[in-house]
Structures are given as structure tokens and as C-alpha cells.
Amino acid sequence: MNTNFTSQARDIFIVGLRNAHAMENQALSIMKPQASRIESYPQVLERLQRHIAETEGQIRRLDSILQGMGESPSALKDTTQSFMGAMAAMGHSMASDEIIKNSLANFAFENFEIAAYTSLVTLAEAGGLAEAKALLQQSLDEETAMACWLEENLPAVTLQYAGLRAAGVSAKV
Ligand code: MG
Ligand code: FE
């Protein structure tokens, strides 16, 4: 480790990794109920399922970085935040425009993840932790790709929802 990486900076990095771990479990608790409800938007379902798999890989990366630094993820905090994620998903499932609300919320969430990993990549770089930096960069790239996909597909999803409503189709998702 770089000698410029003070014990304080190390603590900031560890807390950031733990928060990211909780964030990823929250991501799963938001995306999994969404995926289980989608019926009319197969392209969204396919991309969500792919990102759920990516997210499970991101959690494994965070676990391995934390373990490599002699730390373990905080189970209690994860449980709390996952529960809140599940509640948020349930709130949207009562809305008639569920697919739209979820699309907006997912885009916001992915951008939050981009910010979190950008910060972690910076800390890993500052600490001379090349291996951790490479793993975090992989996760950052996946979040960026997901955010771009959501942004690019928002017009199509919006028009598809409007078309289904106009046709009197009751399928909300
Ligand atoms: Mg993620
Ligand atoms: Fe993500």
C-alpha cells in the first residue's frame, strides 16, 4: 500500500466499500421484484435480468476486496437497506404507470451507483491498490452501461406504455 494512504483514508475506503455492499443488496431488492412482475416489456426484463447477474458479481467483488483488507461486510446495515428497497418497489407496484416510475427510479439509482464507484476507484487509486481499483472499475463500467441503456430506452418504454394504455390493455408492466 502507498505510504501516502493514511489510516484515515483507509477507513474512508472501508466505509465506502461497506456502503457499496449495502447499496448492491438494495439494488437486488429493487430489481428482483420488478423483474418478477414484468409481462409486457421483454427488452426491459432481459436487461434487468442481465444486470441482476452483474450485481451479484459486483457483490462478490466487494466481498473479495473487503476480505483482502481484513474486513467483512456489515450484515445488519445490509438487512435494513434491503428492506427499504423492497418497500420502495412495492410502492411503485401500486401505481398504474409502474413501468415509467421504475424506469425513472432505476436511472436515478444507477447514477447513484456510478457516483459511489467513482469515489471508490479514486480512493483505490490514491492508495495504490491496483487490484481493488481494477475490480471497482469493472463494476463502474457495468453501472455506466446500465445507466446508458436505461436512458436510451426511456423514450421507447414511454411510448410503449402510452400505446398499451391507448389500446386499453390493462398490463401495467
Ligand atoms: Mg450495482
Ligand atoms: Fe447497477
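User: Why does alanine 124 count as buried?

Analyst: Happy to explain! Alanine 124 has 0% relative accessibility, so this residue counts as buried; the term means under 20% relative accessible area, with exposed over 50% and partly exposed in between (1.4 Å probe, protein chains only). Do note that this is a predicted model, where local features need pLDDT of at least 70, side-chain atom pairs count only at pLDDT 80 or more, and totals for chains, interfaces and linings use all residues. Residues are numbered from 1 along each chain as its sequence is written, and side-chain values use heavy atoms, leaving out hydrogens and water.

User: Which residues is alanine 124 in contact with, leaving aside neighbours within four places in sequence?

Analyst: They are Phe13, Leu129, Ala132, Lys133 and Leu136, where contact means heavy atoms within 4.5 Å.

User: What makes α2 roughly parallel to α4?

Analyst: The axes of α2 (residues 42-68) and α4 (residues 98-126) cross at roughly 25° and come within 14 Å. Angles under 35 degrees count as roughly parallel, and therefore α2 is roughly parallel to α4. Val44, Leu48, His51, Gln58 and Leu62 in α2 meet Ile99, Asn106, Glu110, Glu113 and Tyr117 in α4.

User: What is known of the largest nonpolar core?

Analyst: That core holds 44 residues, and Phe13, Leu17, Tyr41, Val44, Ile99 and Leu136 have the most contacts inside it. A nonpolar core is a set of buried Ala, Val, Leu, Ile, Met, Phe, Trp, Tyr and Cys residues joined through side-chain atoms within 4.5 Å. With eleven residues, α1 gives the most to this core.

Note on methods: Chains are lettered from A and ligands numbered from 1 in the order in which they are written. Axes are lines fitted to C-alpha atoms, for helices over the stretch in contact, and angles run from 0 to 180 degrees between N-to-C directions. Helices (H or I, at least four residues) and strands (E, at least two) are DSSP runs, numbered from the N terminus. Angles under 35 degrees count as roughly parallel, over 145 as roughly antiparallel, 65 to 115 as roughly perpendicular and the rest as oblique.
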